[in-house]
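Open the model in your viewer and keep the selection box ready. Each stop below says what to pick and what is there.

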Amino acid sequence: MIKIKNIHKSFRTKEKVLHALQGIDLHIKQGKVFGIIGRSGAGKSTLIRMINLLERPDQGEVLIDGTDITQLKTEELRQLRHKIGMVFQHFNLLESRTVLDNVMFPLRVAGAPADQRKARALELLKLVGLSDHVHKYPRQLSGGQKQRVGIARALSTEPKILLCDEATSALDPETTQSVLALLNEINKTLGITIVLITHSMDVVRNLCDEVAIIDGGKIVEQGDVVSVFLHPQHATTKALLSESGMDMDSWKLLAGDIKGKLIRLTYHGKGAAEPLLSQLGRELNLDFSILQGSIGQIKETPFGQLVIAVAHPEALTANLRTTETELREFFEARNVDVEVLQS
Ligand SMILES: Nc1ncnc2c1ncn2[C@@H]1O[C@H](COP(=O)(O)OP(=O)(O)OP(=O)(O)O)[C@@H](O)[C@H]1O
């Protein structure tokens with residue numbers, strides 16, 4: 001639905017030319033929540049602003065439903081922008097207007113009749129849980145409430161795409177959770193495609209279906225969130241995960257003295273709650289110790305990841321090959337990914 005093809009963007013300052021985006025390709029499917037994550041200065045804002053052409057590429061195409069929007073005329077682009085809502089980190093509300101006026105504002109710009117504007121705005125303020133606050137001014141609201149107004153305003157023109165520019169970065173953790181839950185509900189109930197940029201892996205884990213990691217103006221990894229979280233490939237992805245408490249390698253701290261086999265087990269979805277390890281011990285007559293473990297949830301998918309050291313009571317080394325085959329068969333039959341970290 002949204003296809004970004006070979007986008008380049010540079011900024012010229014007096015001193016130098018900065019290559020902010022260097023050949024970006026993305027495919028964002030309709031109805032999904034797509035996260036773009038990267039460190040400060042990686043190019044996230046520049047990239048998301050390409051989708052409504054707040055920023056124009058120097059080179060490349062931005063296709064929405066097959067139309068290259070970089071080729072649209074001014075009036076066509078204005079029409080298109082009504083179908084792309086945007087939510088900002090610092091809310092960008094009109095301070096001198098009431099909550100209701102703020103939400104009606106884009107509809108006024110789009111030329112909607114007054115009665116329709118009001119009905120639509122009231123309906124949206126109900127959706128975001130602010131029916132009791134319609135006549136207040138932004139200064140009378142908390143940060144979370146202001147962002148709810150921002151979301152209602154972004155939805156007023158019935159967009160099919162919602163762009164979220166660090167929508168929860170200015171909010172405390174609890175408020176962040178409630179705003180993420182609201183965005184999830186909007187995606188589910190209204191079917192709106194959401195594209196968000198963030199520097200937080202927790203935001204991606206909670207809300208996104210797919211993720212792209214941007215580093216130095218390039219996409220270094222992308223895929224569905226469960227795969228990227230459980231099998232990260234690029235060093236930047238691993239570092240971002242580690243900083244959010246999902247360190248893939250903390251088993252190394254305990255592995256020094258262990259001579260036997262070390263394996264990483266990854267499982268998710270159905271069967272995540274199976275008593276895997278006790279079955280392993282019983283059926284294959286193995287002893288094991290756990291060097292690292294995390295269980296949790298990625299969006300709606302439960303997952304577990306364990307690093308275990310396996311030992312055989314009767315000299316594992318005598319029959320190493322059989323044991324590895326047996327182990328693989330045991331886990332593969334249970335849809336568990338096996339990665340041998342040390343043989
Ligand atoms: N208008 C501009 N003029 C000059 N340089 C710019 C401009 N906009 C962005 N840049 C530079 O382009 C690079 C990418 O910026 P961008 O804002 O897209 O990064 P970001 O990943 O969103 O960062 P942050 O998380 O800090 O907002 C940065 O080095 C930034 O300084």
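In which helix does Leu280 lie? Select helix α11, residues 276–284; Leu280 lies there. Helices here are DSSP runs of H or I of at least four residues, strands are runs of E of at least two, and both are numbered from the N terminus.

Two notes before going on. Residues are numbered from 1 along each chain as its sequence is written. The model is predicted, so local features need pLDDT of at least 70, side-chain atom pairs count only at pLDDT 80 or more, and totals for chains, interfaces and linings use all residues.

**Stop 1: Leu280**

Stay on Leu280. Is Leu280 buried or exposed? Leu280 is buried, because 21 other C-beta atoms lie within 10 Å. The cut-offs: 20 or more other C-beta atoms within 10 Å of a residue's own means buried, 12 or fewer means exposed, and in between is partly exposed, with C-beta atoms placed from the backbone.

Now show its contacts. A contact means two C-beta atoms, placed from the backbone, within 7 Å. Leaving aside neighbours within four places in sequence, Leu280 is in contact with Leu286, Phe288 and Phe330. Draw a distance to Phe331 as well. Phe331 is 51 residues from Leu280 along the chain, yet their C-alpha atoms are separated by 8.7 Å.

**Stop 2: the whole chain**

Zoom out. The chain has twelve helices and 14 strands. Its C-alpha trace spans about 80 × 50 × 35 Å along the principal axes. Of its 343 residues, 36% count as buried. Take the contacts between residues at least 6 apart in sequence: 67% of them join residues at least 24 apart.

**Stop 3: the cores**

Select Val103, Leu163 and Val195. Within the largest nonpolar core, which has 73 residues, these three touch the most other members. A nonpolar core is a set of buried Ala, Val, Leu, Ile, Met, Phe, Trp, Tyr and Cys residues joined through C-beta atoms within 7 Å.

Apart from that core lies another, of 13 residues. Its members include Trp251, Leu286, Ile308 and Ala309. Leu286 is also one of the contacts of Leu280.

Go back to Val103. What is it in contact with, leaving aside neighbours within four places in sequence? The list is Ala121, Leu124, Leu125, Val149, Ala152, Arg153 and Ser156.

**Stop 4: α3 against α4**

Two packed helices are described by the angle between their axes and the distance between the axes. Axes are lines fitted to C-alpha atoms, for helices over the stretch in contact, and angles run from 0 to 180 degrees between N-to-C directions.

Select α3 (residues 99–109) and α4 (residues 114–127). The axes of α3 and α4 come within 9 Å and cross at roughly 125°. The two are therefore oblique to each other. The classes: under 35 degrees is roughly parallel, over 145 roughly antiparallel, 65 to 115 roughly perpendicular, and the rest oblique.

Show the contact as sticks. From α3 take Val99, Leu100, Val103, Met104, Leu107 and Arg108; from α4 take Arg117, Lys118, Arg120, Ala121, Leu124 and Leu125. They divide into eight nonpolar, no polar and four charged. In this count Ala, Val, Leu, Ile, Met, Phe, Trp, Tyr, Cys and Pro are nonpolar, Asp, Glu, Lys and Arg are charged, and the others, Gly among them, are polar.

**Stop 5: α3 against α5**

Keep α3 and add α5, residues 143–155. Their axes are 7 Å apart, at an angle of about 30°. α3 and α5 are therefore roughly parallel to each other. The contact uses Val99, Asn102, Val103, Phe105 and Pro106 of α3, and Val149, Ala152 and Arg153 of α5. By class that is six nonpolar, one polar and one charged.

**Stop 6: α5 against α6**

Swap α3 for α6, residues 173–190. The axes of α5 and α6 come within 10 Å and cross at roughly 20°. These two are therefore roughly parallel to each other. Pick Gly143, Gly144, Gln147, Arg148 and Ile151 of α5, with Thr175, Ser178, Val179 and Leu182 of α6. The classes here are three nonpolar, five polar and one charged.

**Stop 7: two positive phi angles**

Most residues other than glycine have a negative phi. Select Asn92, in the loop between β6 (84–88) and α3. Asn92 has a positive phi of about 50°. It counts as partly exposed, with 13 C-beta neighbours inside 10 Å.

Finish at Glu158, in the loop between α5 and β7 (161–165). Phi of Glu158 is near 55°, a positive value. Glu158 is partly exposed, with 14 other C-beta atoms within 10 Å.
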